[in-house]
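Trainee: I would like a close look at one part of this model, with an account of how that part is set within the rest. Please treat it step by step and keep to what can be computed from the atoms.

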Amino acid sequence: MTAGVTLPPAPLRLTKAQARRIALAAQGFMDPRPAPGEATMRHLQRVVDRVQVVQIDSVNVVTRSHYLPFFSRLGPYDTALLDRARDRAPRRLVEYWAHEASLVPPTTWPLLDFRMQRALSDAWGGMQRVAQEHPGLVAAVRAEVVAGGPLTSRQVEAALEHDLPREREHWGWNWSLVKNALEHLFWSGQISSAGRTSQFERRYASLERVLPRAVAEQAVDPAKRPGHEEAFRELMMIAARAHGVGTEQCLRDYFRLKPEQARPAIASLVAEGRLLPVTIEGWKRPAYLHPEARRPRRVHAQALLSPFDSLVWQRERTAALFGFDFRLEIYVPAPLRVHGYYVLPFLFGDALVARCDLKADRAAGVLRVHAVHWEPGAPAEARSALDAELGLLAGWLGLGSVG
């Protein structure tokens with residue numbers, strides 16, 4: 001070694017079990033659950049602070065998917081707390097395309113400007129076409145939302161039909177065009193969502209009406225939003241905090257970043273000591289540890305997980321941490337499904353030990369358990385624990401029994 005040259009320290013080595021426990025702690029599974037029904041907004045905020053991104057999905061087989069991650073970590077809680085956090089000022093959560101359609105803290109919204117700026121190239125075809133072919137309609141839709149929101153797409157169409165009947169005939173627009181215009185405006189960060197109706201329709205509103213004042217002052221002017229390179233760094237840090245430890249692939253999947261967006265950000269964060277390089281037993285790719293990540297010696301959790309829970313988003317990570325090959329079979333034809341339509345993994349101790357195909361039969365008042373598939377080596381005591389968790393879930397859903 002050349003005199004006076006200091007080599008960087010060797011990366012910290014973690015066993016797979018250590019990495020698994022770090023990940024579970026980072027995702028909030030070491031935090032004590034409140035007594036059933038005793039969860040407060042403070043408890044809900046604790047989950048938000050842990051996971052940072054909560055995926056939204058329209059499938060309502062058990063309940064809307066964004067409610068389930070909070071149940072997994074808090075047990076039975078009043079879902080009105082989450083509705084209030086999303087729908088009422090000062091909002092603790094707002095909707096945007098983060099992982100997929102997601103709820104994120106308002107302070108995260110401006111960091112996603114890089115996605116908003118690419119609406120004309122990255123959004124779905126209908127959104128691109130309406131922006132390119134009907135700019136007048138898009139402007140009229142935005143004006144209606146700013147003036148009268150929160151409004152659903154059908155309410156916007158009705159308002160435009162009343163206010164601009166001649167233009168309607170000229171444009172030949174219909175509900176689909178209005179909806180596409182609204183989605184373009186939402187994707188491009190010109191309007192936001194003030195929540196959802198009971199039918200799961202977005203209620204579109206101006207940025208000033210949705211975002212807290214301090215964020216809105218920055219957000220309404222794209223020039224005041226963080227630069228994209230800085231945003232990528234902050235998004236990587238949010239992902240690292242939520243993961244505890246993970247590879248580049250793990251971290252960039254949290255906000256669906258591309259390699260060319262994530263890699264320079266990670267390199268600069270490592271150089272600054274904000275991320276710590278580590279190696280993990282059995283993992284071929286280098287990994288990165290958040291400096292403040294908890295490193296527990298033991299984790300004993302017990303939770304049914306939404307199939308859209310952030311703990312199991314990234315398949316390779318789920319397999320590497322838990323030895324659990326998990327895939328969604330919602331869009332798989334029924335005869336080809338292996339484990340079922342709406343399958344909730346069961347977390348017991350620090351392992352994923354079972355898969356439960358569930359359905360809330362609201363008419364009969366029963367939580368239907370279509371199938372339970374146990375992983376090899378699942379401990380015997382996990383069976384009674386699963387029964388208890390299914391009972392809690394049924395009660396929380398207002399169902400009288402499990403069957």
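Mentor: Two strands count as paired if DSSP finds at least two bridges between them. The model is a predicted one, and the part I propose to examine is its open sheet of five strands.

The strands of this sheet follow the order 10-11-12-13-14, and their pairing is mixed. Strand 10 (301-304) and strand 14 (401-402) occupy the edges, each with a single partner strand, so one side of each has no neighbour in the sheet. In general, strands of a sheet pair through backbone hydrogen bonds, in a parallel or an antiparallel sense. Strand 10 meets strand 11 (residues 343-349) in the antiparallel sense, and four bridges join the two. That number satisfies the requirement of at least two bridges. One pair can be located exactly: Ala-303 has Leu-347 of strand 11 as its bridge partner.

Ala-303 also leads from the sheet to the nonpolar packing. The largest nonpolar core holds 105 residues, and the members that touch the most others are Phe-70, Val-141, Phe-255, Tyr-342 and Leu-393. Helix 14 supplies the largest share of this core, with nine residues. Phe-255 has contacts with Val-53, Ala-98, Thr-108, Leu-112, Arg-115, Leu-235, Ile-238 and Ala-239, leaving aside residues up to four places away in sequence. Another core, of 26 residues, lies apart from the largest one; among its members are Ala-19, Val-245, Ala-301 and Ala-303. Ala-303, the bridge partner of Leu-347, is thus counted in the core of 26 residues.

Between strand 10 and strand 11 in the numbering, one may consider Thr-318, which is placed in helix 17 (residues 315-322). Its relative accessible area is 1%, and Thr-318 is therefore buried, the limit being under 20%. With residues up to four places away in sequence left out, Thr-318 touches Leu-311, Val-312, Gly-323, Phe-324 and Leu-352.

A further antiparallel pair offers a useful parallel to the one in the sheet. Strand 5 (residues 192-196) is largely enclosed by the rest of the structure, because five of its five residues are buried. Strand 5 and strand 6 (residues 202-205) run antiparallel and are joined by three bridges, with Ser-193 opposite Tyr-204 of strand 6. The hairpin of these two strands has five residues between them, and Phe-200 in this hairpin adopts a positive phi near 75°.

The charged side chains give another view of the surroundings. Over the whole structure, 24 salt bridges are found. In one of them Arg-33 and Glu-389 bring their closest N and O atoms to 2.7 Å. Arg-33 belongs to the loop between helix 1 (16-26) and helix 2 (41-51), whereas Glu-389 belongs to helix 18 (residues 381-396), so the pair ties together parts that are 356 residues apart in sequence. The two ends are not alike in exposure: Arg-33 is partly exposed at 30% relative accessible area, while Glu-389 is buried at 1%.

Arg-86 and Asp-83 form a local salt bridge, with 3.7 Å from N to O. Both residues lie in helix 4 (residues 79-87), three residues apart, about one turn of the helix. Here Arg-86 is buried at 8% relative accessibility, and Asp-83 is partly exposed at 22%.

In a third pair, Glu-234 and Arg-274 have their closest N and O atoms 3.4 Å apart. Glu-234 is in helix 14 (residues 228-243) and Arg-274 in the loop between helix 16 (259-271) and strand 8 (276-280), so this salt bridge ties together parts 40 residues apart in sequence. Both partners are partly exposed, Glu-234 at 24% and Arg-274 at 27%. Elsewhere, shared partners link salt bridges into one network of Glu-95, Lys-179, Glu-183, Arg-196 and Arg-202.

The open space remains to be described. The largest pocket has a volume of about 500 Å³. It is lined by 26 residues, of which Gln-55, Ile-56, Asp-57, Glu-100 and Ala-101 are the closest to its centre. Helix 11 (residues 175-187) contributes the most to this lining, with three residues.

Note on methods. Residues numbered from 1 in each chain as written. Predicted model: local features only at pLDDT ≥ 70, side-chain atom pairs only at ≥ 80, totals over all residues. Heavy atoms only, no water. Salt bridge = Lys/Arg side-chain N within 4 Å of Asp/Glu carboxyl O. Buried < 20%, exposed > 50% of the residue type's maximum accessible area, 1.4 Å probe, protein only. Contact = heavy atoms within 4.5 Å. Core = buried A, V, L, I, M, F, W, Y, C linked by side-chain atoms within 4.5 Å. 1 Å grid on protein atoms, 1.4 Å probe; cavity = no way out; pocket = protein on both sides within 12 Å on 5 of 7 lines; lining within 4 Å. Points joined across faces, edges and corners; volume = space filled by probe spheres on them.
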